[in-house]
Amino acid sequence: MHWVNAIAMLIMITSGWGIYNDYVIIGGLHFSKSLRLGDWAAESLLWHFAGMWFLAINGLAYLLYGAVTGRFRERLLPIKMSDVLKTIDETLHFKIAHSDITHYNAVQKLLYLVVIAAGMSQVVTGIAIWKPIQFSWLVSLFGGFQGARLVHFLGMAVIVGFLVVHVALSLLVPSTLWAMLTGGPRVTGPTARAEAET
Amino acid sequence: MKFPFRPGTPPDANLLDNHRPLLRALERRQLIRGGLSLGALTMLTGCDFQKPASVEAALRKISAFNDGVQAVLFDPSKLAPTYPASMVLKPPKFNAYYDVENVKPVDGKKWRLDVSGLIANKAPWSLTQINALPQKEEIIRHICVEGWDYIGQWSGVPLRIFLDRIGADTRAKYVNFLTADNYPSSIDMATAMHPQTLLATKYAGETLPDPFGFPLRLRTSTKLGYKNPKWITAIEISNTFRPGFWEKQGFSWFGGI
């Protein structure tokens, strides 16, 4: 799931940059040809509207899986403000420990929730931009067609920002890479133990 | 300093001098060969190296599938939002596959609209006849595939009324258009029958200016800008799929919004 998402995300981001260039949101900001998927808008659009199926279907499956198995509740919640501050404080003092990779620290939890929300927002704003008349109520939620475009653009920026940190940190903690490839170690947390007892 | 991979005693310096011409020749040959293969590589990147035809074909198949999805998402009774006259952009934004200076005006007196295909009355139409048909005005948003938009005020005869007048078989799949600027286009019958789809003859209450399609253009409220051909010269009702100017180059055929 992670790797389908990774490839779909890269396709959506780079083809999106190709589409963006025809009518820029930030004056002067263009994405150079080497960064874009597709030689011109028509090709980028073909990629974007093909990639959307992989992103949306995979994402939906991931959300269902996370909700049904309770994985989200177990891994990502609760987030306490004091824990976030504590993690930031530890990180600033170079105490970057990630010995148990099945357990996320508060900042990780927060970032994962943010990026999941950004991914969901991209699908919703994407539908709004694709079908602004059929889903005109959705467009009005974002303050019009250009508003939806802007939110779609900002969502991309959040995801790209996350990606930079995510990739850099996973390279810093190489043991996580193997887990990403294989699906990770068996969890023997309270839930797993409870399941074993029943 | 002693290096492990070098002999303890250096070789005779004359050895290098004796072989120098041969070495030069080899280097020169290498350079020529290297240059050639480098040139070949740049040629490769220009065509099929980076873009295998199969990928392009697969993407276009998904796009055709998406056309079907778009047709399902299209609600024939859903009206696009309309806006007050104060929001109308005057003049509208020009966009075509060429610059506005290259627009070739059409003579409205000589102009005729040819109609063909699955219809009962195949007589061509003059502008006077078209202007005599029931008129409708709408202030709607124009959205371009590039991402820009504006609000425009269009009037003309609803396409569904025109199709009724020519006795069109509305069970046909497509309404195909030919234009004076060689910009063929086609739309699905459901969109053609949508109440906000017009054969427009006026913008902001005035006769259409030349750059915007005088004397007759299509204006649909439910499709992207490129699905609105200007300077229409012929309409065909057909079950034969004829992709338009941009669609042939990879843009979605349905182009619905």
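User: Let's start with one residue. Is A:L111 buried, partly exposed or exposed, and why?

Analyst: Keep in mind that this is a predicted model. To place a residue on that scale, you count the C-beta atoms around it; 20 or more within 10 Å would make it buried. A:L111 has 18 C-beta neighbours inside 10 Å, so A:L111 counts as partly exposed. You'll find A:L111 in helix α5 of chain A.

User: How far apart are A:L111 and A:H166 in sequence and in space?

Analyst: Two separations are worth keeping apart in your head. Along the sequence, A:L111 and A:H166 are 55 residues apart, while their C-alpha atoms sit 9.3 Å from each other. Now try another pair: A:W53 and A:L35 are 18 residues apart in sequence and 22 Å apart in space, C-alpha to C-alpha.

User: Where is A:W53, and why does it get its exposure label?

Analyst: A:W53 belongs to helix α2 of chain A. There are 14 other C-beta atoms within 10 Å of A:W53, so this residue is partly exposed.

User: What is chain A built from, helices or strands?

Analyst: Chain A has nine helices and zero strands. Read from the N terminus, its elements go α-α-α-α-α-α-α-α-α. Of the 198 residues in chain A, 22% are buried. Here's one more number on the fold: among contacts in chain A with a separation of 6 or more, 57% are between residues 24 or more positions apart.

User: How should I read a single helix, say α7(A)? How many residues does it have, and how far does it reach?

Analyst: First the general idea: an α-helix has 3.6 residues a turn, so residues three or four places apart point the same way. Now the case here. α7(A) has 28 residues and runs 41 Å from its first C-alpha to its last, close to the 40 Å expected at 1.5 Å a residue. Its buried residues are A:F145, A:A148, A:R149, A:H152 and A:G155.

User: What do the buried residues of α7(A) pack against?

Analyst: They have partners in both chains. In chain A these are α5 (106-130) and α6 (136-141), and in chain B they are β2 (136-143) and β3 (149-158).

User: How many residues of each chain are in the contact between chains A and B?

Analyst: In general, the size of an interface is often given as the accessible area lost when the parts come together. Here we'll go by residues instead. The contact involves 17 residues of chain A and 22 residues of chain B. On the chain A side, α2 and α7 (145-172) each supply at least two residues, and α2(A) gives the most, with eight. By class, that side has 11 nonpolar, two polar and four charged residues. For the complex, the predictor gives an ipTM of 0.81 and a pTM of 0.81.

User: Which domains does chain A have, and how do they touch?

Analyst: Chain A is split into domain 1 (1-68) and domain 2 (81-198). Their contact takes eight residues from domain 1 and 10 residues from domain 2. On the domain 1 side, α1 (2-20) and α2 (41-68) each give two or more residues. The largest share of that side, four residues, comes from α1(A). That side of domain 1 holds five nonpolar, three polar and no charged residues.

User: Which residues have the most contacts inside the largest nonpolar core?

Analyst: The general idea is that in soluble globular proteins, nonpolar side chains tend to be buried together. The largest nonpolar core in this model has 29 residues, and those with the most contacts inside it are B:L159, B:V175, B:A192, B:L198, B:L199 and B:I232. Several elements of chain B supply at least two residues each, including β3, α4 (159-165) and β4 (174-179). β6(B) gives the most to this core, with four residues. Beyond its neighbours within four places in sequence, B:L159 is in contact with B:A192, B:T197, B:L198 and B:L199. Apart from this core lies another, of 20 residues, among them A:M12, A:L37, A:L46 and B:F251.

User: Where does the pLDDT fall under 50 in chain A?

Analyst: Where pLDDT is low, the predicted coordinates should not be read in detail. Chain A averages a pLDDT of 85, with 85% of the residues scoring at least 70. Its pLDDT stays under 50 over residues 189-198, which have five contacts beyond four places in sequence. Chain B averages 89, and 82% of its residues score at least 70. In chain B, residues 38-49 have pLDDT below 50, with three contacts beyond near neighbours in sequence.

Technical notes:
Residues numbered from 1 in each chain as written. Chains lettered and ligands numbered in written order. Predicted model: local features only at pLDDT ≥ 70, side-chain atom pairs only at ≥ 80, totals over all residues. Domains from an automatic or database assignment. Contact = placed C-beta atoms within 7 Å. Nonpolar A, V, L, I, M, F, W, Y, C, P; charged D, E, K, R; others polar. Buried ≥ 20, exposed ≤ 12 C-beta atoms within 10 Å, placed from the backbone. Expected span 1.5 Å × (residues − 1). pLDDT = per-residue confidence, 0-100. Core = buried A, V, L, I, M, F, W, Y, C linked by C-beta atoms within 7 Å.
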